[in-house]
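Trainee: I am new to this structure and would love to learn how its labels are earned. Could you walk me through the reasoning?

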Amino acid sequence: MRKRILLVSLSATIIGILLFTLLVSNIFYRDIVRRTNEQLKTYAGFFDPSQPFGEEYAEAFSARLGGARVTFMDAQAAIVADSFGDLGEASRSDRAEVEAALLEGEGFAVRRSDTVGKNMMYYCVRLGEAQGGGLLRIGVEASSQTGVFIGALPTMAWFLLLDILFCLIFAWIATNAVLRPVEQLTRAVALSGGKPVACKYSELQPLAKMMNEMTGEIAEKVARVEEDRRMEKLILDSMEHGIVIFRDPSDVLLINKTAARLLRCEQGDPIESFAADPEIAAILAACEPSSVYRKIEGRDYNFRFTFPPESCVLLITDVTESMAAMRSKNDFIANVTHEMNTPLTSIKGFAELIGAGSVPPERVQGMARTIIKQSDRLANLIRSIINLSAIESDELPDYEVNVSELAAELIGGFEPKLRKKDIALKMDIEAGVKVMTRRERMVEILNNLISNGIRYNKEGGVLEVSLSGGAAPRLTVRDTGIGLSEEDKERIFERFYTVDKSHNGGGGGFGLGLAIVKKLCKRAGWKLEVESTLGEGTAFTIEFCPKRG
Ligand code: ADP
């Protein structure tokens, strides 16, 4: 800005000085011409008509006029004598000053003389009868307008130097005066931190107002962008999915907290685990959307790679639950098929033998009993599976069930079995204990626990059923049976888990009873616990904690 002002003011002055010099030299030149004309007329007045009109006087007259050119011509303008030498008698009637003198008695001209080879000013006048009407011409060397201009150049150069100096000082002061308030305003706006600034110069007030509005808008936009970024970061970091955007593993653009934890790297750090994983390295090289599964800290994760232009997006999803559900579903189907296969094979085998008539009549009855037993087993299995899946979709309302009465009633049904194994029954049931549930659910729980307490008890053992009331009623079914190892204690609630596989197909169940009990307790929010010592006995306790909400 300063330079521009300086340059403009310097150029303006230089052009101004040049134009001024041209104008002045033109005025001077005109003045010189006018004065010379008058001077030549005065010179002509010194002509002495008594002197012989010839060469000798021309030179003498020229000398008297300080060396001016003196030419005598006859009435037809043929040269008679010339102080610059013998030029013959050639006519000079075509010269402007001579032509004018012939016509009007006198003439003046400024022109270049071919004879002398210089710019000359001539004055020509017609003489009297004594010179036969001849002509007198006096000429002096003329300085041209360019000459005058060139002559003025040294002075002009000094003026220019002075002028440039003056211009520099003036421009410095002027630009400072003009720019300082603008600079002050700019600095004030820069330091204001988005607050409005005041300006005392009225000319700059519109600018200040505009800058205030703009800084206000910018501050607002910056705040909005920062808030958006904060929110984005918050959302990304609170996501349970991991997300990474990168150009290549060493140029990570974005990584959220979950991804950083799972990939063990920080924002901006290269992801080293990718290079060490050949399958992932191959996906990144191919740039084709793909998925891989990885186990990290005991959990299953799906790594989904997509490739938008010039980047790669990785979405890491925890699929532990869905994988477990899938595995459990597959295991369930395999177990069901396996458990059904055994009784079915036996039923089919015996039925085919009877059908072929190859069985002696005395064995048919025994075979029929086996068929009925295996059919019951199959029916039990199907009933258990139906029960298990019914719990999931059971949305029927709860009501108060008198567990004390129900337990006493059910125990009665187990009398034959207890007697068969010579098991002593101990009942410690508080009267009137009620729990919010449905009768069929409580029947399922009691039947499973009591039948297990008999089935896995020893001959001549003890079965103890106790029920206490209060805010959280407790039911305990304790036996003095075979007990459970620590490992089995963890697993007995899994579907189809049986400790002794030889039970299957025999007197034992399918490993679904405790899975049903656990599922019912979980749905109701009850606490189910098992205590057991291998070889000594087992106790199952349910605390019927009332449902919250
Ligand atoms: P099952 O119909 O085979 O009894 P459960 O789900 O009721 O199926 O029980 C699972 C397994 O847990 C049984 O196979 C048995 O090995 C073990 N179990 C259950 N109750 C007892 C108990 N009271 N004492 C010892 N083991 C038990």
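Mentor: Gladly! Let us begin with a term: a salt bridge is a side-chain nitrogen of Lys or Arg within 4 Å of a carboxyl oxygen of Asp or Glu. Keep in mind that this is a predicted model.

Trainee: What makes Arg 261 and Glu 297 a salt bridge?

Mentor: Their side chains meet at 3.5 Å, N to O. The cut-off is within 4 Å, so the pair earns the name. This pair links distant parts of the chain, 36 residues apart: Arg 261 sits in helix α6 (residues 257–263), and Glu 297 in the loop between β8 (290–296) and β9 (299–306).

Trainee: Why is Glu 297 called exposed, and why is Arg 261 called partly exposed?

Mentor: Exposed means over 50% relative accessible area, and Glu 297 has 53%, so the word fits. Arg 261 has 45%, which falls between 20% and 50%, so Arg 261 is partly exposed.

Trainee: How do you know that Asp 300 and Lys 295 form a salt bridge?

Mentor: Their side chains come to 3.0 Å, N to O, and the limit is within 4 Å, so they qualify.

Trainee: Is Asp 300 buried or exposed? And Lys 295, buried or exposed?

Mentor: Asp 300 has a relative accessible area of 7%, and under 20% means buried, so Asp 300 is buried. Lys 295, at 55%, is over 50% and therefore exposed.

Trainee: Where do Lys 348 and Glu 352 lie?

Mentor: Both are in helix α9 (residues 320–356), four residues apart, about one turn of the helix. Their closest N and O atoms are 3.2 Å apart, within 4 Å, so this is a salt bridge too. Elsewhere, Asp 31, Arg 34, Arg 35 and Glu 38 are joined into one network by salt bridges that share partners.

Trainee: How many salt bridges are there in the whole structure?

Mentor: A search finds 29.

Trainee: Now the nonpolar core. Which residues of the largest one touch the most other members?

Mentor: Met 442 and Trp 526, out of 47 residues. Elements giving two or more residues to this core include α9, α10 (361–393) and α13 (439–455).

Trainee: Why do you say that this core lies between domain 4 and domain 5?

Mentor: Because domain 4 (323–392) and domain 5 (394–543) both give residues to this core.

Trainee: What does Met 442 touch?

Mentor: Leaving aside residues up to four places away in sequence, its contacts include Val 401, Leu 406, Trp 526 and Phe 544.

Methods. Residues numbered from 1 in each chain as written. Predicted model: local features only at pLDDT ≥ 70, side-chain atom pairs only at ≥ 80, totals over all residues. Heavy atoms only, no water. Buried < 20%, exposed > 50% of the residue type's maximum accessible area, 1.4 Å probe, protein only. Core = buried A, V, L, I, M, F, W, Y, C linked by side-chain atoms within 4.5 Å. Domains from an automatic or database assignment. Contact = heavy atoms within 4.5 Å.
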